[in-house]
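New to this one? Here's a quick tour of the ligand's surroundings and the pockets.

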Amino acid sequence: MKSNFKNQKVLVRVDFNVPLTQDNKVSDNTRIIKALPTLNYILDNGGSLILMSHLGRPLRKLDPDGNIQKDKFSLKNIIPELEKSLGKHVDFASDCIGKEAEEKAKKLKPGEILLLENLRFHKEETEGDEAFAKKLASLGTYYVFNAFGTAHRKHASTYTIAKFFDKEHKDIGFLVQAELENANKLLNNPQRPFTSIIGGAKVSDKIKLLDKLIELSDNILIGGGMAYTFIKAMGGNIGLSLFEADYVQTARDIMDKAKKKDVNLMLPEDSVISERFSESGDIKTVDSMKIPDEWMALDIGPKAIEKYSNIIHNSKSIMWNGPLGVFEMKKFSKGTFETAKAIAESTKNGAFSLIGGGDSVSAINKSGLSGMVSFISTGGGAMLKYIENKSLPCIDVILEK
Ligand code: AMP
């Protein structure tokens, strides 16, 4: 970012979509803390701040009379936490566009902060509407995009708005810069061996990602519900495990491509299975190719954990997305937590590790190892899209690529 914001009213698109308690207090301030370096930098270098964000999906959760639940979705709820984090007073405009916002923005002096009300109170935000984006843009003299988690969505405040600022008056913030730099460590000449660990529920969500990872990785370790569509494609018996019949051929194509490219694509050799989707039934460990008819696989087994951990220990670059089992239930969490542990150990021995968002982030947090990996992405969907395409619309429009 440039070093002088003297007299600039800097419109920053932040991601303050934080979780709130029943009485509307911030219950996890990670997203606010992650925004601070960019916000403090602008304030310290002569600028004032106009902060805009979404919070939840207010238009999808209207009250019984069809009105927005303003109390629940107002960004006003985050002001005490934001003021505490910044150590400064934060003013508020009760609508993100219109007279009040315009007047408050106009009066803003260097060092002062104005927070705008939830952008998603207007349907034009997610529609990427030009007129709405223009009204937002008119509030500031400089635009900074710092909401990495929304970088793949062409919304008014993340994408359309950038068109109203010339190249000298817009930039990405430090949080976005860090996400790109870390992803690029995997995309540009990664240290080898490079191991990708992919879990989660469905193959259908991760086809493009797997396709790209075959180009990049030496090893691909598959776990989670998606593994069983692959195992079925290999002729295995998967019982009641998660299965996507329409993706058997896709799974075969992915395995063929990996073979052709000499990529070591691995499936769990054994699995922890249960009679029902709960911890209360009978549980045992079996060969993943021989799951009995009335049983379902809910975690990778001990042999798979050992093999996967060995490969992870011998890797120099690691990317992880998606849990290897139903980690929300203790009895099926071992595969996921042992994987997290192996990644942390490998990182300690010099590997670069990137946790690519979503449930793997909550898993690494829950395991208490979050400080022992190289980088945890703040944007699951956006990070995966960046790995797939090496480009994101909201960033391209700023860098005018
Ligand atoms: P995703 O959002 O695709 O990363 O999927 C995450 C979800 O996959 C988590 O809620 C896990 O509980 C679930 N999951 C992981 N392994 C399995 C499995 N073997 N069977 C069913 N669900 C699974």
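**Around the ligand**

Start with the ligand: 14 residues surround it, and those that come nearest are Ala201, Ala297, Gly325, Glu328 and Asp359. Keep in mind that this is a predicted model. By class, the shell around the ligand splits into six nonpolar, five polar and three charged residues.

**Polar contacts with the backbone**

- Ala201 has a polar backbone atom 3.0 Å from an oxygen atom of the ligand.
- At Gly225, a polar backbone atom sits 3.2 Å from a nitrogen atom of the ligand.
- Ala297 joins in as well, with a backbone N or O atom 3.0 Å from a nitrogen atom of the ligand.

**How covered the ligand is**

- On its own the ligand has 510 Å² of accessible area, and the protein covers 80% of that.
- As for where the ligand sits, the space it takes is the second largest pocket.

**The largest pocket**

- So much for the ligand's pocket; how much space lies in the largest pocket? The figure is about 730 Å³.
- Its lining is made up of 29 residues, and Asp15, Arg31, Thr378, Gly379 and Gly380 are the ones that lie nearest the centre of the largest pocket.
- Sorted by class, that lining has 16 polar, eight charged and five nonpolar residues.
- Three helices, H1 (30-44), H13 (359-366) and H14 (380-389), each supply at least two residues of the lining of the largest pocket.
- Helix H13 gives the most to this lining, with four residues.

Methods
Residues numbered from 1 in each chain as written. Predicted model: local features only at pLDDT ≥ 70, side-chain atom pairs only at ≥ 80, totals over all residues. Heavy atoms only, no water. Near = heavy atom within 4 Å. Polar contact = N/O pair within 3.5 Å; in protein donor to acceptor, adjacent residues only side chain to side chain. Areas by Shrake-Rupley, 256 points an atom, 1.4 Å probe, with all protein chains shown as cover. 1 Å grid on protein atoms, 1.4 Å probe; cavity = no way out; pocket = protein on both sides within 12 Å on 5 of 7 lines; lining within 4 Å. Sits in = over half its atoms within 2 Å of the grid points. Nonpolar A, V, L, I, M, F, W, Y, C, P; charged D, E, K, R; others polar. Points joined across faces, edges and corners; volume = space filled by probe spheres on them.
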